[in-house]
Structure formats: structure tokens, C-alpha cells
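Trainee: I should be grateful for a close look at the charged pairs in this structure, and at the part of the fold in which one such pair is set. Please then lead me outward from there to the rest of the chain.

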Amino acid sequence: MRFATRVLAMQLAAAVVVVAVCALAFGAVGVRQLRAETESTALGIARTAASDPQVRAEVAAYAGPGGYDTAALADGPLQQYALAVAERTGALFVVIADDDGIRLAHPEDARLGQRVSTGYEAVLAGHEVVEWESGTLGSSVRAKVPVPGPDGDGIVGEVSVGFATDRAFADAPALAGAVAAIALVALALALLVALVIRRRLERLTRGVQPDELAALLQSRAAVLEGVHDGVIAVSADRVVRACNPAAAEALSLDGHEATGRPIDDLDLPPRLRRTLDAALAGESTVHGELVLTDRVVFLEVHGVRHDGDDLGVVAVLRDRTDVVALAERLDAVRAATNAMRAQRHEFANRMHVASGMLAAGRVEETRALLAEFADRGALPEEGQVGVAEPFLRSFLAAKAVEAGERGVDLRLGDDTLVLGTVHEPEDAAAVLGNLIDNAVTAAVAAGAPRWVEVTLLDDGDQLALTVADSGRGVDAPESVFERARAREDEAEAGEVHGRGIGLPLARRFSRRRGGELWVVSPGGEGHGAVFGARLPGVMLPAAIATEPDRTGSEDDGGQR
């Protein structure tokens with residue numbers, strides 16, 4: 001049996017039990033009411049008869065011991081009165097007795113002058129009694145009321161009024177029919193409601209059974225909690241139905257508070273909101289790159305349908321920060337490799353020149369040329385780059401070549417002074433390379449002259465740098481870090497700084513080391529934007545860099 005059918009059966013069983021209990025209760029209340037009405041009617045008639053002055057006088061005349069003439073009683077006023085009252089009220093009997101329990105009036109003349117068949121002592125003691133008893137006329141409900149004397153002193157007899165039991169419950173069949181009809185109507189309504197609930201359950205659960213629901217909940221929890229990717233499920237009415245911890249962390253949300261709230265009430269990145277809107281509007285699959293404050297995620301949004309019903313969309317956020325960071329570092333390595341390739345080519349050219357001079361017999365000139373090569377080495381001359389540190393010299397030389405190909409002059413500031421040696425080249429190259437690439441792009445977008453100026457200073461194990469350009473500057477300095485735009489958003493914005501993911505990642509590299517990356521100047525007269533960065537732990541101080549190597553020569557000056 002399916003779950004919805006079992007629920008229907010349980011509801012019907014519960015309804016039958018409730019209706020049966022209620023019917024029995026109403027029946028019991030109805031019977032009690034019929035009893036009470038009959039008892040009240042009998043008591044009222046008996047009180048009326050007992051208070052009649054004629055009855056009181058006639059009964060008082062028979063008080064005391066003595067014999068009775070039954071013929072005279074049969075034709076007497078009390079008998080006529082009692083018969084008239086019984087006929088008028090429909091009572092089974094109206095019996096009048098004296099203070100000795102002798103019948104003075106009775107529906108059967110033969111029983112006149114005889115003692116009543118039921119107890120009368122409590123009545124003669126002045127109490128009203130209502131009882132269900134069986135007498136000479138059968139089972140009945142009877143009310144017994146004392147008859148006071150004409151002057152109100154003493155009890156001279158009793159009046160007993162009775163109604164037959166079947167007469168008391170004459171309305172019971174009608175009451176039972178009404179209760180039964182109401183019960184049937186209640187059961188019909190219960191069946192209708194149960195069918196509606198069953199249909200609603202089938203629609204809500206889509207025919208999935210409880211054990212299947214339990215398995216689905218376990219699978220959902222395992223998927224949402226176990227996967228590294230962020231998952232956000234949004235229903236067709238734009239309400240967040242699921243948000244796993246990875247998505248909440250990536251979007252700086254509280255997963256429990258986000259669930260159940262409309263997406264319009266959440267502080268979501270504009271691009272993510274637009275992507276969700278597009279997917280909810282009917283696009284089957286929407287994907288792209290989303291840049292957050294210090295994360296880069298790949299966003300993929302799918303529409304979800306089941307049996308033709310639109311269930312909303314599911315957004316998957318795959319964190320690509322580490323991959324992009326590795327790519328940035330690889331770009332830095334590639335730049336250094338290109339510089340070394342250029343230097344190797346230059347060195348090969350020098351060797352060809354020396355070989356030609358030797359072939360021509362110009363030995364002394366060749367010796368002098370080789371000595372010059374030995375002094376200068378394979379790296380560019382310090383005067384060409386402006387810094388003696390080997391890594392920075394080769395890296396800046398490669399960047400200068402790339403910038404020159406785009407018509408931008410890369411130069412070093414006059415205040416540049418680097419005494420130590422780069423100890424962590426990856427982060428240094430990633431931050432410096434991103435800032436230089438960003439500045440070159442800004443300079444290219446502006447008019448001539450196009451230039452980028454880099455200033456480097458080291459202090460102990462810390463490297464401080466600034467990068468200025470000849471571009472147009474930035475209007476909102478913090479926006480280039482807080483909400484970096486994806487590439488398809490750049491063309492609309494018409495801006496240069498803050499493109500792509502370079503600056504947010506560069507700031508992340510800096511902060512991870514306890515440093516910082518900031519906008520020194522958004523732009524001013526004669527220059528564009530100026531960015532500054534502080535990178536602790538990337539340098540070996542000069543005193544350490546110049547210590548002799550225990551396994552090598554003592555005069556290499558740390559330039560290995």
C-alpha cells in the first residue's frame with residue numbers, strides 16, 4: 001500500500017472512531033435529556049395536583065385511620081380529578097393516597113382503598129421523590145409529592161404521577177436518526193478531506209514513499225555536506241531551498257539563515273544574481289566566472305524540471321582560486337623563462353662573435369671580449385634595469401620587453417633600493433606581475449606618452465613596492481578589490497583597473513603573508529593610478545644574503 005493510501009486509511013479509521021464516540025456521547029446526552037424532561041414533567045404535574053385546594057381538602061377528610069367505601073371513592077371527586085389530569089397530560093397514572101398510603105384515586109377502580117405498591121414513607125416525611133420503578137401498572141418514571149393539610153400544617157397524603165417508560169423514550173428513535181444522519185455527514189466530510197489530503201500529499205511528495213524520502217534526505221545531506229563545491233538551490237518562486245556550507249562560506253552567508261529566504265533579500269554578488277535571474281527566466285544552462293572579494297569561482301546554473309513541473313534552478317560554485325593562483329605563478333615563471341631565453345639568445349650571439357673573432361685570428365680582442373662577458377654575466381646590466389637583485393632584474397627585464405611590445409615604457413623609480421635577496425619569488429612575482437600587467441593595460445588605454453613606473457624598497461624580510469602608470473586612474477578605488485568584474489562585464493563598464501581577477505588575487509597573496517595591497521592614489525595630475533603593496537617574508541635581509549655558503553665559495557655575494 002502506498003504511503004498516501006495508508007494515510008487515507010488511517011484518517012478514515014480515526015474519523016470513524018471520532019464520529020462513533022461523538023455519536024455515542026450525543027446519544028447518551030439525548031437519553032439523559034429525555035429522562036430529565038419526563039421526570040420534570042411528572043414532578044410538575046404532581047406538584048400542581050398536590051397544591052390544588054380541593055385535593056388538599058378531600059385528602060385531609062380521609063386522613064386518619066378508618067375504612068373506605070371503594071364505590072364512593074370510584075365516584076368521588078378525587079378519582080374524577082385524577083382521571084381528568086391523566087387524560088389531559090398523557091400520564092400513565094395519577095394516584096392520590098392518604099397519610100397511610102391508601103389509594104384514594106387510581107386508574108383502576110378495583111385498586112381503590114388498597115395500599116400503594118411502592119414506598120411512600122419519604123414522601124409523607126415531607127420529601128419529593130422522583131424514581132424509575134415498576135408497580136401494578138408496569139415500569140414507569142414517577143414523581144411523588146406530599147399533600148399538605150388545608151391549613152398548611154402537616155402532611156395528609158401524597159400525589160404520585162407516572163409516565164410509562166416507552167412514553168418517556170418516544171422521541172428516542174428520532175434522536176437516534178438525527179445523530180446517525182449527522183454521523184454520516186461527518187464521515188462523508190472526513191472522506192472528502194482525506195481524499196483531498198491524499199491528493200495533496202501525492203503532489204507534494206511526487207509519489208515518493210517515506211523510505212525513499214529518508215534515502216533522499218540522507219543523500220541530500222551527504223551531497224551538500226560532503227562535496228567541496230558550493231551548491232545553492234532556488235525554487236521557482238525565487239526562494240533559497242538549500243545552501244551548503246561551501247556556498248555559504250564562498251558568498252559570506254549564513255547557510256541556515258539563507259535557507260528559506262528570497263534571493264532578493266540576500267546580499268549576493270550582482271553577477272550571481274543576474275545569472276540566477278536568467279536561469280529562472282528559462283535559460284537551461286548558464287555558466288561563467290565569478291570573482292568575489294578574495295575568491296575566484298566557476299559558476300554553473302542549471303534549470304531543474306520534474307514531470308513537466310518547473311522546480312527552480314541549482315547553482316554550483318566551483319572554487320578555482322588555487323588553480324588561478326597557480327596559473328598566475330606560472331605566468332610569473334613564464335615571464336622569467338622568457339627573460340632567460342632572451343638572455344640565452346644574447347649569450348649565444350656573443351659566443352658566435354667570439355668564435356668568429358678567434359677564427360679571424362684576433363686572439364687578444366677575443367680575450368678582452370670574453371673578459372667583458374665574464375664581468376657582465378648573462379643577466380642584463382644593472383644600469384639597464386636599475387636593480388642588482390638577480391631575480392628582480394631578470395623579471396623586470398622580461399616585463400620591460402613585454403611592455404615595450406605594447407608601446408609602454410617600463411621604468412624604475414629613483415627611490416628604488418633593494419639590498420637583500422628575494423627568498424619567496426612566487427608570491428613576489430605574482431603580486432608585482434599583476435600590478436605591472438594592470439598598469440600596462442591602463443597605460444595602453446590612455447594616450448601617449450605611455451609609461452609604467454615601479455619603485456622597490458626592502459626592509460629586513462619585507463619588500464615594499466609601488467606601481468604607477470600614465471592611465472586615466474580609477475574612480476572607485478576600493479571597488480577594484482571588493483567586487484572585481486568578470487571579463488564580459490568590462491566592456492560595458494569602460495574601465496581598465498580592476499579587470500578580471502588579478503587585483504583580488506594579488507591582494508589575497510599579500511594578506512596571506514600578513515601584508516597589504518592598496519590604492520595609494522586613484523590618479524592625479526601627470527599620472528594615473530598608483531598601487532602600493534607590502535610583502536613580509538619574501539626577502540632575505542642583506543646581512544643574511546651576504547653570509548658565505550658553507551658548501552660553496554665565500555665571495556659569491558649571495559648572487560647564486
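Mentor: Salt bridges in this model, which is predicted, number 17 by the rule applied here. In general, side chains with opposite charges can pair when the charged atoms come close. One of these pairs is formed by Arg115 and Asp100, with 3.4 Å from nitrogen to oxygen; the rule accepts such a pair within 4 Å. Asp100 sits in the loop between β1 and β2, whereas Arg115 sits in the loop between β2 and α5 (121-124), so this salt bridge ties together parts 15 residues apart in sequence.

The strands named here lead to a sheet. Five strands, in the order β2-β1-β5-β4-β3, make up an open sheet with antiparallel pairing. At its edges stand β2 (103-105) and β3, each with a single partner strand, so one side of each has no neighbour in the sheet. From one strand to the next, the twist averages 35 degrees. At one end of this order, β1 (residues 93-98) is joined to β2 by 2 bridges, and the two strands run antiparallel. Within that pairing, Ile96 has Ala105 of β2 as its bridge partner. At the other end of the order, β3 (residues 129-135) pairs with β4 (residues 138-148) in the antiparallel sense over 7 bridges. Trp132 is matched there with Val141 in β4. With 2 residues between them, β3 and β4 form a hairpin. A helix completes this picture: α4 (residues 77-89) lies across β1, β2 and β5 (155-164), and its direction is at about 150 degrees to β1.

Further along the chain there is another sheet, which you may set beside this one. It is an open sheet of 5 strands in the order β11-β13-β14-β16-β15, and its pairing is mixed. Its edges are β11 (409-412) and β15 (516-521); each has a single partner strand, so one side of each is left without a neighbour in the sheet. The twist in this sheet averages 20 degrees from one strand to the next. The edge strand β11 pairs with β13 (residues 451-459) in the parallel sense over 4 bridges, and Leu412 stands opposite Val454 of β13. Helix α16 (residues 425-445) packs on this sheet and touches β11, β13, β14 (462-469), β15 and β16 (530-536), while its direction makes about 10 degrees with that of β14. Another helix, α19 (residues 502-512), lies across β15 and β16 at about 120 degrees to β15.

The backbone deserves attention at two points. The loop between α16 and β13 holds Pro449, and the peptide bond from Ala448 to Pro449 is cis, with omega near -5 degrees. In the loop between β6 (230-234) and β7 (240-243) lies Arg238; this residue is not a glycine, yet its phi is positive, at about 70 degrees. For comparison, most peptide bonds are trans, and most residues other than glycine have a negative phi.

On the surface, Val185, Leu189, Leu192 and Val196 make a nonpolar patch of about 380 Å². Leu189, one of these residues, belongs to helix α7 (residues 172-205).

Finally, please consider how far the coordinates may be trusted. Across the protein, pLDDT averages 78, and 79% of the residues score at least 70. Confidence is highest in β14, at 94, and lowest in helix α18 (residues 487-493), at a mean of 40. Over residues 378-383 pLDDT stays under 50, and the model gives this stretch 14 contacts beyond four places in sequence. Over residues 549-560 pLDDT likewise stays under 50, with 7 such contacts. Where pLDDT is low, predicted coordinates should not be read in detail.

Key. Residues numbered from 1 in each chain as written. Predicted model: local features only at pLDDT ≥ 70, side-chain atom pairs only at ≥ 80, totals over all residues. Heavy atoms only, no water. Pairing = 2+ DSSP bridges. Axes fitted to C-alpha atoms, helices over the stretch in contact; angles between N-to-C directions. Contact = heavy atoms within 4.5 Å. Patch = residues over 30% accessible without salt bridge, like charges linked within 9 Å, V, L, I, M, F, W, Y side chains within 5 Å. Areas by Shrake-Rupley, 256 points an atom, 1.4 Å probe, with all protein chains shown as cover. Salt bridge = Lys/Arg side-chain N within 4 Å of Asp/Glu carboxyl O. pLDDT = per-residue confidence, 0-100.
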